[in-house]
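Reader: I'm new to reading protein models. Could you take me through this one and tell me how each label is earned?

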Amino acid sequence: MRPLQLTIQAFGSYGKRTVIDFTGTSQNLFLITGDTGAGKTTIFDAIVFALYGEASSGNNRKDGIELQSQFTGMAVEPYVELRFSEQRGGETDIYTVRRVPRHIRPLRRGRGQREEKEKVSLILPDGTEYAQNQKQTDAKLAEIVGLTKGQFMQVAMIAQGEFMELLRAKSDEKKLIFRKLFDTGLYQDIVDELGRRRLERKAGIDQLRAAMQNEISHAVIPDKYAGAGETARRKKNLLSYDRIEVAEAEVFLEEMRELCRELEEEENGAKAARAEAEERRGVCRDALTQGQELLQSFTQREAAERELAACAAAAEQVREKRRLAAEIEAAYEVQNVAQRYEDAAKTVKDTEQKLQETEQALPERRAACERAEGQEAAARKLFDTEAARCAQTETRVRQALDIFGQLRSAGKQVQGAEKALTRAREAAENAETAQTRFEEQEQNWRRQAEELGDVEARRERWKSRQRETEELADQADAVQKAEQRVKVQERTARKAALTYEETRQKYQVTSGDYERKQRLFLDAQAGFLARERLRPGEPCPVCGAIEHPHPCELAEEHRELTRE
C-alpha cells in the first residue's frame, strides 16, 4: 500500500480542512518533522483510522469522539479521506476511502446536541462505490492492504517508542508479517504440501515396515541350518530397528530363500521315506492279518474236535432220539391226513347244501329276470313315446330342459339295467354249468371215497382234491357275488322305473303349466306391447300413430306375467 493523498478535517489537532499530497516529491523517501504537538502522529493516526477505523498505537488507543478536533466548532463534520495505490500483477489500482468518526454535533433546530455514528465509504478503481455495510467494508480494506491493523502498525507505520515491539516480536509473528509483506505465502503452502506428502509417505512406509516385520516374526529358523546363528541375529535386528535397512532385509530374504530350498529338499526326502515306510507297513499288516486268520482257524479246529468228541459220546442217544422223532413225525402226518379228510368231508357237505339252496332259488331268479325284461320293454316303449312327444314340443318348452335331462338320466339307468340283466343271465348260465360240473365231481368223489384204502395214497389224492375243493369254493363265492350283483341290478331297475314315472308326471304337470301360460301370454300380447313398446311421442309398432290415448292395459292377474 502506498499513500497518495490524505485529507483531514476537524480531526485531532487539525481543525480546518488540510490536504497532504505524498506525490509532491520525486523522492521515494521523505521525512515528516515538527515540534512536539505539531501533529506528526495525527497524520499517522488519520491514515490508520481511514484504513482500519482506529487511530492509535499500542500504548495510546483512541477512537470515536476522542478524535474530534477541539480547534473548530462542533458544527464542522470531522472526516479523513485517503487515496492510496496498490500494486497487483504489474498494474496499479487506486482506491479512495472516506471515514467519518463517531462525533457530536448540535441540533439544527433548538438548543442541544446529538451523537452521530461512524460512517465509511470506499471508491473502487473503476470509480464505483463498494456498497456494503461498515463491517464488510472494513474486511474489504484489510483484504486490499493485505495486513491486519497490528501488522500494519509494526511494518508500515511504527509509532514513537514502538519500534522495539517489532524487534521483540516472536519469530512466528515476524514470519507472518514478512510473509504477507513480501508475498511469500506460496512457498509456505509448498512447504506445507511437501510436509503433508512426507507424512503420507511415512505412514505408508510405516505400514510396509509393520507388515514386513510381521512376516519376519513368523519366520522359523531351524538350529541345524548352517547359518542359523547369523540369520537369527539378523532377524532380531530387523524386528528391533525402527528403520529397516534395505541391504540387511535383502540379505535376510536371500537367506530365507536358501533355507526354503533346503527345507524343500528335506521335505522331498521325507516324502520318499514316508512312502517306503507306508509300503513296509502294508506288507506287515497283510502278514499280521494272515497270521490272525490262521490262528482263528486253529482255534475253530480245536473247538470242532472237542464238539466231535462230545457228539461221538452221545451218538447212541442221538440215534434213539432220531427213531422217536421219526415215529412222532409219522403220527403227526397221520393225524394231519385225518384232519384234512374231515375238513374235506365237511366242505363237501357244505357245498352240497349251498348247491341245493342255489337250485331252489334259481326258478325265482329266472322269474325276476323275466319280470325285469317285461318292465324293460314297457319302460322302453314308454321312453320312445315320451321321446317322440319331447321332440315335437322341444321348441315350446325350452324352460323344461332340466326335466328332459332327468329323462335322459333315466334312459341311461334303463340301459344300465339292461346290461346288468345281461350279466345276471350270464351269471345264471355259469351257475347252472358250475352246478352240473359240481354234480359230476361229487359222483367222482363218492366213487373215489369208496376206493380209498391206504392212508398214504389217500393223503396224496386228498391233497389234489383239496385244491379242487378250494377252487369250487372260489367258484361258489363267485356265484354268490353274481347273485348279489343281480339283486343290486334288480333294485336299480326298479328305482329307474320309479324315477322315470316321477319324471313323466313332473313333465306332464310342467308341460300343462307351460301351455297355460303360453296361452295367457298370447292372449295378453296387446297389453305386453303397450307396456313394453309404447312411448309418448314415439310411433306405434303396429299402426305408426304417435299419440296413444287409450293403450291396452294388462289385467290385474296378468301383471306379474313376463315373457321369460
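**How the labels are earned**

Author: Let's start with Ala545, which has a relative accessible area of 30% and is partly exposed. Keep in mind that this is a predicted model.

Reader: Why is Ala545 called partly exposed?

Author: Buried means under 20% relative accessible area and exposed means over 50%, with partly exposed in between. Ala545 has 30%, so the label that fits is partly exposed.

Reader: Where is Ala545 found, and what is Ala545 in contact with, leaving aside its neighbours within four places in sequence?

Author: Ala545 lies in the segment after α12 (525-532). With those neighbours set aside, its contacts are Glu538, Pro539 and Cys540. To count as a contact, heavy atoms must come within 4.5 Å.

Reader: Now for a helix. What makes the reach of α2 close to the expected one?

Author: Helix α2 covers residues 134-145, which is 12 residues. The expected span is 1.5 Å times one less than the number of residues, and for α2 that gives 16 Å. From first C-alpha to last, α2 reaches 17 Å, close to that value.

Reader: Which residues of α2 are buried, and how do you know that they line one face?

Author: Thr137, Leu141, Ile144 and Val145 are the buried ones in α2. Looking down the axis of α2, its buried residues fall within an arc of 90°, so they line one face of the helix. Here is the general idea: an α-helix has 3.6 residues a turn, so residues three or four places apart point the same way.

Reader: What does the face of α2 turned away from the buried side carry, and what follows the helix?

Author: That face carries Lys135 and Glu143, both exposed. After α2 comes Gly146, with a positive phi near 85°.

Reader: How do you know that β1 and β3 are paired?

Author: Two strands pair if there are at least two bridges between them. Strand β1 (residues 2-9) and strand β3 (residues 79-88) are joined by 7 bridges, so they qualify as a pair. They run antiparallel, and Arg2 stands opposite Ser85 in β3.

Reader: What makes β3 and β4 a pair?

Author: The test is again at least two bridges. β3 and strand β4 (residues 91-100) have 9, in the antiparallel sense. Here Leu82 stands opposite Val97 in β4.

Reader: And how many helices and strands does the protein chain have?

Author: There are 12 helices and 7 strands. Of the 564 residues in the protein chain, 25% are buried.

How values were computed:
Residues numbered from 1 in each chain as written. Predicted model: local features only at pLDDT ≥ 70, side-chain atom pairs only at ≥ 80, totals over all residues. Heavy atoms only, no water. Helix = DSSP H or I, 4+ residues; strand = E, 2+ residues; numbered from the N terminus. Buried < 20%, exposed > 50% of the residue type's maximum accessible area, 1.4 Å probe, protein only. Arc of directions from axis to C-beta.
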